[in-house]
Amino acid sequence: YKGGEGMKCRIDEIAKLQPGQLLTRIREVDDPNATGYVVYSGKHFLTDSFQPESDDGKQDKIIRTDEAVMLVKQGMLLISLTTNKAVIVSEAHEGHLLTSNYIRVDYDSSKIDPNYFCYVYNESDEVKKQIVKNEQGASLVSRLSLQQLRKFELLCPSLEEQHRVGAIYRLQQKRELLQLEKIRLEKLAVHALLNTYLQGRK
C-alpha cells in the first residue's frame, strides 16, 4: 500500500498505551471459590492473528485471585512485546488476563482504524526499520519500551482509506488461514488413503 505518503502520525497522537500486568505482582489464592482467570498467551495471540493453532500440548495457565486484574476484551488492540506484532482480540479470548508481555493500545477511533493499525504496524517497512533501530544496542532479550513505542511514526491517511486498507488486510489474513487449513486437511486425507492402501497390501 503506497497511498497517504507524507501523512505521518506518532502512536502517542492516536492512542494511549497501557502495559499488561506483571504476573509476579498478582497475589494468587488457593481458595477454589476465588475467580480463576485464563492467562492470555502466545497461543491465543497466534489464533487472533489468523495463524494456524499451535497445539503445544500445554494447558492454559489459570490464575486464581481476589484482586482486580486487567482483562482483554473482544475488539481490543494489542501489541506483543515478544513478537513485535499487533492484533485485535477475538470473542473467544474475551475475559483472559492481560500480562506484561502485551501492550494495550487504547486508540482514538476518529483517528485510526484498528485493522489498518495492524496492517501498518505488522507489515510496513517504515515500522520494521523503527523496530530494528530501537533494538540496536539493546540486550539479547531486547524489548521495546513504552517510551520508544509512543514515538513510533505510522502512515496515517484519511479514515476512509484506512477502513479500505484495513478491511482488505483482514480479509487476506482470513483467506490465508483457510488455505493453510485446506492444505492440512488434504494432507490428512492423503495419509489416511495411503495407510488404508498399505493395510490392504498386508
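Let's start at Leu 77, which stands opposite Val 105 in strand 7. Strands here are DSSP runs of E, at least two residues long, numbered from the N terminus. This is a predicted model, where local features need pLDDT of at least 70 and side-chain atom pairs pLDDT 80 or more, while totals for chains, interfaces and linings use all residues. Residues are numbered from 1 along each chain as its sequence is written, and side-chain values use heavy atoms, without hydrogens and water.

Now the strands around that spot. Strand 5, residues 77–80, pairs with strand 7, residues 102–107. The sense is antiparallel, over four bridges. Two strands count as paired if DSSP finds at least two bridges between them. In general, strands of a sheet pair through backbone hydrogen bonds.

Zoom out to the sheet. It is open, with four strands in the order 2-7-5-6 and antiparallel pairing. Which strands sit at the edges? Strand 2 (15–19) and strand 6 (85–88), each pairing on one side only. Neighbouring strands are turned by 30° on average, direction ignored. Axes are lines fitted to C-alpha atoms, for helices over the stretch in contact, and angles run from 0 to 180 degrees between N-to-C directions.

Next, helix 3, residues 114–123. Helices are DSSP runs of H or I, at least four residues. Helix 3 packs on the sheet and touches strands 5, 6 and 7. Contact means heavy atoms within 4.5 Å. The direction of helix 3 makes about 160° with that of strand 6.

Last, the whole chain. There are six helices and eight strands. The C-alpha atoms fill a box of roughly 70 × 50 × 35 Å, along the principal axes.
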